[in-house]
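Here is a report on one structure, moving from its core to its domains, sheet and interfaces. Please read it alongside the coordinates.

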Amino acid sequence: MKLYLLPSNNIKSLIKKLAQDGSVYYPILEDDKTHLVKYAEDKDFEPDFEKIRTAENIKHFFFPSRDVVAKFPKDSKIKAVKQYLFGVKSCDLKGIDVYDRVFLKAEPVDPLYQTRRENTVIISADCPKPADCCFCNLVGIGPYGTGICDLNVTKTTNGLVCETFTKRGEEIIEKYQDLFEDAGKEEIKEREGIRKGALKDLGKINEKPFKEDLAERIEKAGKEVMRDAHKECVECFACLHACPTCYCFLLSDYKKGKDIERIRTWDACYYAAYARVGGGANPRSDLMERFWNRFLCKFNYFNEYEGLFACSGCGRCYRGCSAKIDIREILWKL
Amino acid sequence: MEALNPYYPIPTKIRDIIPETSNITTFILEGMPIQFEAGQFAELTVPSVGEAPFTPSSSPFGDDLEFTVMKVGRVTEALFELKKGDLVGVRGPFGKAYPLKAFKGKEIFIVGGGVGFAPLRSLFLALVHNIKDYKKVYIRYGARTPDDLVYRKLIPQWQKIKGVDITLTVDVGDGAWKDTVGVVTVLLDDIPVDLAQAPAFVCGPPLMMKFVTQRLVEAGFKHQNIYLSMEKNMSCGIGKCNHCRVGKFYVCKDGPVLTWEDVKDIEEPFL
């Protein structure tokens with residue numbers, strides 16, 4: 001495994017060069033939160049690679065909250081737009097992993113997702129300072145990219161230590177070779193230390209692992225456990241819309257001129273009408289059942305099909321929750 | 001290679017409209033916009049209103065694509081406003097087909113309730129297409145009143161087919177009704193099939209599904225031989241949107257027909 005160094009004073013240059021090939025989004029720190037913003041030539045910018053994941057999840061880059069998926073009676077194709085996502089954290093890579101499994105690997109392929117995914121280069125960044133809401137270490141991943149990304153960077157004193165994971169990642173190093181140099185022993189050692197530190201912090205934040213048979217415990221949880229878990233929920237559904245692994249959607253049709261547009265919008269299994277059928281029957285008419293469905297879906301059903309939890313440990317559900325329900329507390333109790 | 005758009009409905013027109021009951025109508029489409037196998041379903045689009053899932057009620061071996069639909073919601077209400085020649089869209093087929101080959105040489109036991117008989121009709125017509133392959137096909141069909149029975153004109157013709165045994169019941173009869181009166185389970189007191197071998201197929205409203213399934217289990221059908229048409233909220237039809245989940249199953253992808261073996265551990269699977 002060869003590591004490269006993008007010296008600190010070349011970071012902006014790389015972003016500027018990538019912007020000649022497509023839209024580049026990079027993280028900025030604002031009010032103690034990070035956001036991915038689009039590079040614009042006329043604006044000064046200071047990317048932040050150290051803070052935890054962005055406040056917003058990144059699924060909208062592949063799966064917008066409102067999307068025209070078909071036109072009727074004559075269909076039209078989506079235009080491919082090249083984009084670079086720079087500084088994405090490992091938890092959001094897990095989200096993309098889940099999405100890839102649903103929209104690319106499970107037949108039939110979703111052509112819109114495929115087009116956006118194929119035209120998006122993902123440059124992830126280590127997460128050196130996990131926050132109290134983070135629990136990626138409890139759901140099978142760590143605080144740095146080990147796949148799904150094309151390239152992963154670790155911020156060190158001298159610049160970004162880069163590791164490639166795909167041909168596209170290698171091509172960036174090759175194409176802009178003037179900006180990169182080989183990583184030295186010092187930087188590699190620093191990267192190791194940063195990673196060890198992040199893992200140690202995560203271990204302190206989340207001392208207890210989830211039980212090994214968590215999926216089964218969720219399936220067998222009694223009404224009392226479910227009632228206790230959901231009693232504070234005020235049905236704001238921030239948890240589901242903020243979640244990078246939730247992929248529920250609804251199709252609806254709207255007239256536009258002479259044509260009809262089929263629109264896909266994000267949906268969430270907490271909505272009362274989510275599973276109701278035309279005749280009126282509703283398998284989850286009670287909030288408690290809908291609340292627990294989220295746990296079954298993420299930790300049991302998805303796990304059974306794909307062998308991994310559909311949870312990234314990003315903690316956005318907890319941060320966004322009006323009632324401050326901590327998913328970890330519910331899972332630890334099982 | 002770029003994938004075909006699975007969200008795009010194929011445009012077609014309504015060729016004919018056959019009223020079945022006061023709120024159930026059969027819509028016959030022009031041509032065969034999709035080829036399906038018995039057990040699979042499709043999404044029918046009413047332009048600018050939306051789409052809803054239906055299992056075709058026509059034969060998969062025929063030249064027509066028909067849907068027998070009950071007016072119950074937004075999309076079906078709009079569908080009932082359409083006339084012959086109006087544009088609609090079809091997506092599909094989706095879901096798994098019945099393993100018809102596995103039923104060869106066996107007795108087949110079909111139980112329908114109300115409009116639930118519509119999807120069973122495509123199964124029945126598929127069986128009739130090769131009727132000699134099966135030992136006997138039994139149909140037990142019930143509706144609220146004689147006027148609520150679908151395919152009333154066709155049933156007498158089907159009853160004449162060699163190897164077919166059809167019995168009807170209604171919850172409430174009228175002066176002209178000569179057959180059984182009572183809910184469909186009254187037709188299940190005597191089940192004249194080899195219970196160790198025969199597959200059973202059930203489709204109807206949730207309560208009917210519950211009690212018929214219970215009766216078939218008590219009678220001794222093998223759990224994996226009881227095929228149940230699951231009515232769930234569906235949006236995408238391709239196992240992605242998550243709406244139709246029943247336990248670990250996507251009804252649109254793993255179903256729309258699941259067996260009692262699949263769903264028996266799920267609390268109220270028919271709701």
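Which residues have the most contacts inside the largest nonpolar core? They are B:I110, B:A200 and B:L228, in a core of 170 residues. Helix α9 of chain A, residues 287-306, gives this core its largest share, 8 residues. Keep in mind that this is a predicted model.

B:L228 deserves a closer look. Leaving out residues up to four places away in sequence, B:L228 touches B:V202, B:M209, B:T213, B:V257, B:L258, B:T259, B:W260 and B:V263.

**The sheet of chain B**

Seven strands of chain B form an open sheet with mixed pairing. Their order is β10-β9-β8-β7-β11-β12-β15. The edges are β10 (180-181) and β15 (257-259) of chain B; each has a single partner strand, so one side of each is left without a neighbour in the sheet.

Inside the order, β11(B) (residues 200-203) and β12(B) (residues 226-229) run parallel and share 3 bridges. Here B:F201 has B:Y227 as its bridge partner in β12(B). Helix α2 of chain B, residues 117-129, packs on the sheet. This helix touches β7 (107-113), β8 (136-143), β11 and β12 of chain B. Its direction makes about 160 degrees with that of β7(B).

**Strand pairs around β1 of chain B**

β1(B) covers residues 10-19. One partner is β6(B), residues 87-94, in the antiparallel sense with 4 bridges. In that pair, B:P11 is matched with B:G89. Another partner is β2(B), residues 24-29. This pair is also antiparallel, over 5 bridges. B:D16 faces B:I28 across it. The link from β1(B) to β2(B) is a hairpin of 4 residues.

**Domains**

Both chains have an assignment into two domains. The table gives bounds and the separation of C-alpha centres.

| Chain | Domain 1 | Domain 2 | Distance between centres |
|---|---|---|---|
| Chain A | residues 3-205 | residues 214-333 | 26 Å |
| Chain B | residues 10-94 | residues 100-263 | 20 Å |

Take chain B. Its domain contact uses 21 residues from domain 1 and 20 residues from domain 2. On the domain 1 side, β3 (41-46), β5 (65-70) and β6 of chain B each supply at least two residues. β6(B) gives the most to that side, with 3 residues. By class, the domain 1 side has 9 nonpolar, 9 polar and 3 charged residues.

Now chain A. There, 29 residues of domain 1 are in contact with 27 residues of domain 2. β4 (66-72) and α2 (90-105) of chain A each supply at least two residues of the domain 1 side. The largest share of that side, 8 residues, comes from α2(A). The classes on the domain 1 side of chain A are 17 nonpolar, 4 polar and 8 charged.

**Between the chains**

How many residues of chain B are in contact with chain A? The count is 34 residues of chain B, against 35 residues of chain A. On the chain B side, β4 (50-54) and β6 of chain B are the elements that give two or more residues. That side divides into 16 nonpolar, 12 polar and 6 charged residues.

One strand links several of these parts. β6(B) pairs with β1(B), gives the most to the domain 1 side of the contact within chain B, and contributes to the side that touches chain A.

Conventions:
Residues are numbered from 1 along each chain as its sequence is written. Chains are lettered from A and ligands numbered from 1 in the order in which they are written. This is a predicted model: local features need pLDDT of at least 70, side-chain atom pairs count only at pLDDT 80 or more; totals for chains, interfaces and linings use all residues. Two strands pair if DSSP finds at least two bridges between them. Two residues are in contact if their C-beta atoms, placed from the backbone, lie within 7 Å. Ala, Val, Leu, Ile, Met, Phe, Trp, Tyr, Cys and Pro count as nonpolar, Asp, Glu, Lys and Arg as charged, and the others, Gly among them, as polar. Domain bounds come from an automatic or database domain assignment. A nonpolar core is a set of buried Ala, Val, Leu, Ile, Met, Phe, Trp, Tyr and Cys residues joined through C-beta atoms within 7 Å. A residue is buried if 20 or more other C-beta atoms lie within 10 Å of its own, exposed if 12 or fewer, and partly exposed in between; C-beta atoms are placed from the backbone. Axes are lines fitted to C-alpha atoms, for helices over the stretch in contact, and angles run from 0 to 180 degrees between N-to-C directions.
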